[in-house]
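Visitor: I should like a close look at the cavities inside this protein, and at the loop residues and contacts that may be described together with them. Please take me through them in one connected account.

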Amino acid sequence: MSDVRSEAEYVEAELVDGRPEEHDAATDGESFDSTSLDTQAIDVVEIIESDPEARVLEEHVAEQEWTREFVIEDETAQTVAADGGEAAIAHDDAQASAEVGEAAASAEHAKVAGAEAQQAPAAPEPRIQSLPMVKALNAGLRRALAEDDRVLIMGEDVGPLGGVFRVTEGLQQEFGPQRVLDTPLAEAGIIGSAIGLAMRGYRPVVEIQFNGFVFPGFDQITTQLAKMTNRHGGRMRFPVVIRIPHGGHIGAVEHHQEAPEAYFAHTAGLRVVAPSTPHDAYWMIQEAIRSDDPVVFFEPMSRYWPKGEVDLVDNPTPLHASRVVRTGTDATVVAWAGMVSVALRAAEIAAEEGRSIEVVDLRSISPVDYGPIVASVQKTGRLIVAQEAPGNVSVGSEIAATIAEKAFYSLESPVLRVAGFDVPFPPAKLEELYLPDADRILEAVDRALAY
């Protein structure tokens with residue numbers, strides 16, 4: 001599985017060739033000449049995403065540069081010269097004296113620097129930070145691990161690798177392999193283990209590597225995890241969070257770009273949420289971990305890398321609240337996860353054409369907070385629901401039916417849905433034909449306004 005990046009990733013590594021072994025030098029009977037060492041300059045390896053232009057969701061997406069440095073140093077090998085003349089001994093003594101002098105100077109410099117560091121107070125962490133969603137999720141998980149020893153992270157390659165998308169990067173190094181666990185490639189076993197850990201009082205956070213990989217563990221989620229609290233008459237709680245990358249726009253293959261939220265929203269006993277911004281990702285992952293109920297946490301892959309402001313101190317929006325993210329008067333568009341940015345782009349284009357679209361970020365798929373949606377429809381009189389998943393028997397279908405019940409006399413036109421087509425997710429080259437874009441949303445707005 002490839003590690004997807006929205007921009008080119010630069011990996012810098014300083015490679016220093018090792019010295020010959022002592023026994024080789026002794027066998028050859030020749031002294032080792034340090035000038036013969038082959039020292040390579042820094043290699044810069046550029047990993048470029050295939051066909052990056054096809055991955056662009058909108059022109060205003062923020063750029064995110066990914067840099068990583070790895071320094072590989074070989075231990076200095078001891079060499080023994082075959083001819084131990086006085087000149088060589090004198091040279092070695094002079095070199096040793098120079099090394100001692102350098103070491104003493106370095107130690108003194110470090111001592112002075114340490115004293116200055118103790119005197120100077122550490123700069124406070126900025127309250128507002130600009131982060132991509134992967135970094136916001138990483139920060140949220142780190143905070144949850146630090147605040148509660150019962151929190152565990154488990155999944156495939158979540159340890160030293162940091163996950164396919166590097167959401168858990170550095171967490172095992174900081175908190176140890178007992179709390180950030182690499183698991184076998186067995187989703188049913190991962191989720192089953194998390195259920196057992198929850199029964200023992202832990203709060204496991206499970207990472208499913210890609211959205212289509214959740215189905216081998218589907219039985220454990222829907223017939224066990226979702227039912228266990230009710231099965232025990234409410235006497236036991238199962239605070240398990242299941243993190244799942246969501247949706248498309250990354251040019252991946254089958255089972256890597258699906259939007260399976262309807263399966264889980266339909267299952268009683270599960271909470272289902274999906275952030276669309278780095279700020280929401282930072283706070284919602286922490287709220288999900290604190291929940292005593294199992295939470296399915298969808299993370300839009302198309303929004304993993306664009307940066308956004310994250311307030312590390314204040315979060316005014318509860319976990320299961322929907323929110324108006326752009327006000328308007330002509331029509332309401334409801335979206336969630338990666339489709340929120342597409343709806344906002346459609347609203348920008350509509351504004352240039354003299355139409356005013358209000359955009360509501362659903363945020364919570366189960367339960368749904370209908371208050372802001374109903375209030376918006378009562379103002380605009382029209383509703384379009386946009387989603388990446390197929391439209392048949394979907395979350396969009398449920399929202400359309402509920403608004404028809406709750407705001408029927410406010411509607412000036414039927415509720416319209418913009419969705420993925422009712423076919424299996426196509427090959428990567430056809431994903432842009434399958435996934436809804438701003439043009440398809442605007443076409444639905446035109447139809448709604450035509451009534």
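Guide: The model shown is predicted, and the account may begin with its internal spaces. Two cavities of 30 Å³ or more are counted. The largest cavity has a volume of about 60 Å³. Its lining consists of Gly163, Val164, Phe165, Arg166, Val167, Glu207, Ile208, Gln209, Arg243, Pro245, Glu299 and Tyr304. Sorted by class, this lining has six nonpolar, two polar and four charged residues.

One of the lining residues, Arg166, merits separate attention. Arg166 belongs to the loop between β5 (151-155) and α4 (171-175). With a relative accessible area of 15%, Arg166 is classed as buried, because buried means under 20%. The backbone at Arg166 has a phi near 65°, a positive value in a residue other than glycine. As a general matter, most residues other than glycine have a negative phi.

Another lining residue, Ile208, leads to Val214, since Ile208 is among the residues that Val214 contacts. Leaving aside neighbours within four places in sequence, the contacts of Val214 are Ile208, Ile221, Ile244 and Phe264. Val214 is located in the loop between β7 (203-207) and α6 (218-231), and Val214 is buried, with a relative accessible area of 0%. The C-alpha atoms of Val214 and Pro260 are 9.2 Å apart in space, while the two residues are 46 residues apart in sequence.

The loop between β8 (241-246) and α7 (261-265) holds Val253. Is Val253 buried or exposed? Val253 has 53% relative accessibility and therefore counts as exposed, the cut-off being over 50%. Between the C-alpha atoms of Val253 and Lys429 the separation is 9.5 Å, although their positions lie 176 residues apart along the chain as a sequence separation.The next loop to consider, between β9 (271-273) and α8 (278-290), contains Ala274. Ala274 is buried, with a relative accessible area of 0%. Beyond its neighbours within four places in sequence, Ala274 is in contact with Met284, Phe298, Ala337, Arg363 and Ile365. Ala274 and Glu261 are 13 residues apart in sequence, and their C-alpha atoms are 9.3 Å apart in space.

Arg363, one of the contacts of Ala274, lies in the loop between β14 and β15. Arg363 has 0% relative accessibility and so counts as buried. Its phi is near 65°, a positive value in a residue other than glycine.

Strand β14 (residues 357-361) includes Glu358. Glu358 is also buried, with a relative accessible area of 2%. A polar atom of the Glu358 side chain lies 3.0 Å from the backbone nitrogen of Gly328. Apart from neighbours within four places in sequence, Glu358 is in contact with Val324, Arg326, Thr327, Gly328, Ala331, Thr332, Val333, Ser376 and Lys379.

His320 has its place in the loop between β11 (307-311) and β12 (323-326). The side chains of His320 and Ser364 make a polar contact at 2.8 Å. With neighbours within four places in sequence left aside, the residues in contact with His320 are Arg271, Val273, Ser364, Ser366, Pro367 and Asp369. Two of these contacts, Ser366 and Pro367, are joined by a cis peptide bond, with omega near 0°. Pro367 is situated in the loop between β15 (364-366) and α10 (371-380). In general, most peptide bonds are trans.

These details may finally be set against the chain as a whole. The chain has 13 helices and 17 strands. Of its 451 residues, 47% count as buried. Among contacts between residues at least 6 apart in sequence, 83% join residues at least 24 apart. The chain exposes about 22,700 Å², and carbon and sulfur atoms supply 52% of that area.

Definitions and conventions:
Residues are numbered from 1 along each chain as its sequence is written. This is a predicted model: local features need pLDDT of at least 70, side-chain atom pairs count only at pLDDT 80 or more; totals for chains, interfaces and linings use all residues. Side-chain values use heavy atoms; hydrogens and water are left out. On a 1 Å grid over the protein atoms alone, a cavity is a set of points where a 1.4 Å probe fits but cannot get out, and a pocket is an open set with protein on both sides within 12 Å along at least five of seven lines; lining residues have an atom within 4 Å of a point. Grid points are joined across faces, edges and corners, and a volume is the space filled by probe spheres set on the points. Ala, Val, Leu, Ile, Met, Phe, Trp, Tyr, Cys and Pro count as nonpolar, Asp, Glu, Lys and Arg as charged, and the others, Gly among them, as polar. Helices (H or I, at least four residues) and strands (E, at least two) are DSSP runs, numbered from the N terminus. Buried means under 20% relative accessible area, exposed over 50%, partly exposed in between (1.4 Å probe, protein chains only). Contact means heavy atoms within 4.5 Å. Accessible areas come from the Shrake-Rupley method with a 1.4 Å probe; for residues, only the protein chains shown count as cover. A polar contact is a pair of N or O atoms within 3.5 Å; within protein, one must be able to donate a hydrogen and the other to accept it, and residues adjacent in sequence count only if both atoms are side-chain atoms.
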